[in-house]
Every structure is written in structure tokens, then in C-alpha cells.
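This briefing introduces a two-chain structure to a reader who has not met it before. The points are grouped by topic after a short lead.

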There are 2 protein chains.
Amino acid sequence: MADVHENGYLDEALFDPSVLNQLDMSQFKAEYKNVTTPLTPEHNLQIRPLHLEDYDKGYLDLLKQLTTVGDVTREEFVDRFQKMKACPDTYYIVVIEDLKSGQIIGSATLVKEQKFIHHLSSRGRVEDVIVSDLYRGKELGKLLVDILVCLSQQLNCYKVSLECKDDNLKFYCQFGFERTPGQNFMQQRFYD
Amino acid sequence: MADVHENGYLDEALFDPSVLNQLDMSQFKAEYKNVTTPLTPEHNLQIRPLHLEDYDKGYLDLLKQLTTVGDVTREEFVDRFQKMKACPDTYYIVVIEDLKSGQIIGSATLVKEQKFIHHLSSRGRVEDVIVSDLYRGKELGKLLVDILVCLSQQLNCYKVSLECKDDNLKFYCQFGFERTPGQNFMQQRFYD
């Protein structure tokens, strides 16, 4: 059994699940379908922070639909999870579990970066948004992005950003994301 | 006086200064001019991690040449510094101090984000690169970016990225940064 910390959240959760309960969902773009809430406990899709036990619930297999993951042992997974958790107020990985199958079928990450500029503000970054191809068409990707945008605002970020392919520009526009003219994204890869 | 931790670095430094000594400078694009090294101790520009005491050395005034900073008390600065330092292996703010004036005249930040993808890899982000307008033309910006690119590779990032204005595209190209066709940067601001 997981232990409950003094600050009220489970040892196994990457971040305090109560932050997800405080979101202002009235601004969400997605319609809820099959999502478990206090008002709809009969539904089978639960939204929550990443848990340690999600190693056994297909979390890494889900990420393989996004990009390369490689073979990761349980020990390696636990080590990385704990290293993320050791950075307070930084990693917010939100997952969707299908309670019927016990599998993780959606995930998106908000990374919060602390700044000295803008009066000690922070900025958010949306990363690694993925919904299992078996669960497309339910607006779950939309729901995950709704949550992360709302969460970044709640966490006092002065802005939130992401990188996306041309095909996804329209999708992200609906949440208020815009390309800034004259602002370029550049990168270099050391390995894949 | 600052205390020396068991792990060997000063209480007042944001990160272990020894990581800067391990960089492979043979790949640097910048020429060194006036930079203090063990071989050139007579020079007056020192490169090192951000220190707590840089609040008194004009660090925030330097950032004001980049964007809005606002009025930040010493207590607020210390609090933010400690919060960054509480996130292991995440915030690498490299500064240049003019040892003659005792002022911080350059700064650049590498933020390391841990991932589950790419076999538990990490990615680096170059942020908030600024050199005081009184010190332009000495290739100090180039030197700071050299350091951060080299550092991101040393920290096992699979890639490093940044956002820049059109005017700076050519500058960043020389370090190996490229725009990826079909890859877009999008953002939304909640406040300035």
C-alpha cells in the first residue's frame, strides 16, 4: 500500500493529485465523454497524475506510440520517476487510465521552469502529448491539453508554450496557442 | 563565508562549478578574450555558476537589459535561488563576472528536462542569454552559448533547443542549431 505523506498525497503519485481538482474546467474546449468525475463515477476513464505503478499499466508502451522509448527496467523507471519527483513543482505528468482494462491510454506532460525574469515568474511547457490509437475520437487529447493549459495558469506561469508539427497547428490554436511572427524554434540533436 | 558541502561545492553556487571545468572547449566557436582561466589568471572576466551574492553584483540589472524583471527583494531572490537549487540537475545558470568592477556582465541559462522517452533521456533548453551592452564585441555571448551546448551534451541530453528572433538565426546556426522544417513553436501569454 502506498503511504500518505503529511502533505496529503500518495507516495506513488508524481505530484499532488489535488491540483487537478482545483482546475477551472468551465474554460475547457473538450467535451467529457466517459471520464470519471465525482458526478459521473460510472464512467471508466480516470484522469490523474502519473503513478509509480503505471510501469505495469502500459505507460511506456503508450509512449512508444509517440517516439522511441527503448527497453526500460522497472528499476530504471522508478529511478527516473523519483528523480523527477525530487524536483518540487516541476514535473506534472497527467495520465488517463482505462479503469476497465487497467491500462494507461493517454498522457501529457507540463514542465514548469522557474525564472528570475518577469518578477520571479515561471513558464510552462506542454510536452509529449499522446492518446492511444485505440481511443482516438473521444476528445481525450483535447482534454489533456485543456488540463495542462489550465494547470499552467493555476501554477502562476506567465506563459505556456509547445512545439508542434504543421498538422497539429490548428489543433493547438483552439486552446489559445499562437505562432509569434519572427520567433523561431531551433534545435540540435546529439543522438536519437 | 560560504560553507563547503560534502559534495565539494559552495553553498552559494547554484550548481557544482566543477562541471564547467570538465567541458571540452576544443569545439568552442568563440575566441577567448580577457577570460580568466588557470592559464590566464591575469584576465578579469570570470565564468562561473550563478551565486547567491550576485544579487549584490547587478545580476538582476543585467536581466533588465533582456526583459522585464520588476522589483525583487533580496529575500525573494534568495527564495527563488533556493527553489531552483532544490531541483537537482535542472538549473544551470552560467554568469560572467568582471572581477575589476565586481559586476555580473553576462548570463545564460541551461534548463535540463528529464524524460521517459529516448531511454530515459533528457533535453536541454538554452534560455535568457544576455551580455551587458557595455561588453559587446568580445564574443562573450558566443562563449556562453558554446558553454551551454557543450554542457548539455556533457549532461547527456539527447538534444538542446532554444527560441530566437529572426535577427539571431545566423548567430545560433554557427553552434549547430537548425530550424526543423514543419516544426512550429507556439505559445500563449497569461501576463507580461
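Chain A and chain B bury about 6800 Å² between them, with 53% of that area on carbon and sulfur atoms; buried area is the accessible area (1.4 Å probe) that two parts lose on being put together, summed over both. The size of an interface is often given in this way, as the accessible area lost when the parts come together. The model is predicted, so local features need pLDDT of at least 70 and side-chain atom pairs count only at pLDDT 80 or more, while totals for chains, interfaces and linings use all residues; side-chain values use heavy atoms, leaving out hydrogens and water. Residues are numbered from 1 along each chain as its sequence is written, and chains are lettered from A and ligands numbered from 1 in the order in which they are written.

**The interface between the chains**

- Contact (heavy atoms within 4.5 Å) links 72 residues of chain A with 72 residues of chain B.
- Ten salt bridges are counted between chain A and chain B, a salt bridge being a side-chain nitrogen of Lys or Arg within 4 Å of a carboxyl oxygen of Asp or Glu.
- One such salt bridge joins the side chains of Arg125(A) and Glu127(B), at 2.7 Å from N to O.
- Strand β5 (residues 157–165) of chain A gives nine residues to the side of chain A that touches chain B, the most of any contributor; helices (H or I, at least four residues) and strands (E, at least two) are DSSP runs, numbered from the N terminus.
- The side of chain A that touches chain B comprises 33 nonpolar, 20 polar and 19 charged residues. Here Ala, Val, Leu, Ile, Met, Phe, Trp, Tyr, Cys and Pro count as nonpolar, Asp, Glu, Lys and Arg as charged, and the others, Gly among them, as polar.

**Sheets shared by both chains**

- An open sheet of six strands with mixed pairing has the order β1(A)-β2(A)-β3(A)-β4(A)-β5(A)-β6(B); two strands pair if DSSP finds at least two bridges between them.
- Its edge strands, each paired on one side only, are β1 (45–49) of chain A and β6 of chain B.
- β5(A) and strand β6 (residues 183–189) of chain B run antiparallel and are joined by seven bridges.
- Within β6(B), Arg189(B) is the bridge partner of Lys159(A), and Gln187(B) is that of Ser161(A).
- Another open sheet of six strands, also with mixed pairing, follows the order β6(A)-β5(B)-β4(B)-β3(B)-β2(B)-β1(B).
- In chain B, strand β4 (residues 122–131) and strand β5 (residues 157–165) pair in the parallel sense over four bridges; Ser161(B) in β5(B) is the bridge partner of Arg125(B).

**Helices across the sheets**

- Helix α5 (residues 140–154) of chain A lies across β1, β2, β3, β4 and β5 of chain A together with β6 of chain B, and runs at about 25° to β3(A). Axes are lines fitted to C-alpha atoms, for helices over the stretch in contact, and angles run from 0 to 180 degrees between N-to-C directions.
- Helix α5 (residues 140–154) of chain B lies across β6 of chain A and β1 to β5 of chain B, at about 25° to β3(B).

**Salt bridges in the whole structure**

- A search over all chains finds 34 salt bridges.
- Asp56(A) and Arg74(A) form a salt bridge, their closest N and O atoms being 2.9 Å apart.
- Asp56(A) lies in the loop between β1 and α2 (59–63) of chain A and Arg74(A) in helix α3 (residues 74–85) of chain A, so this pair ties together parts 18 residues apart in sequence.
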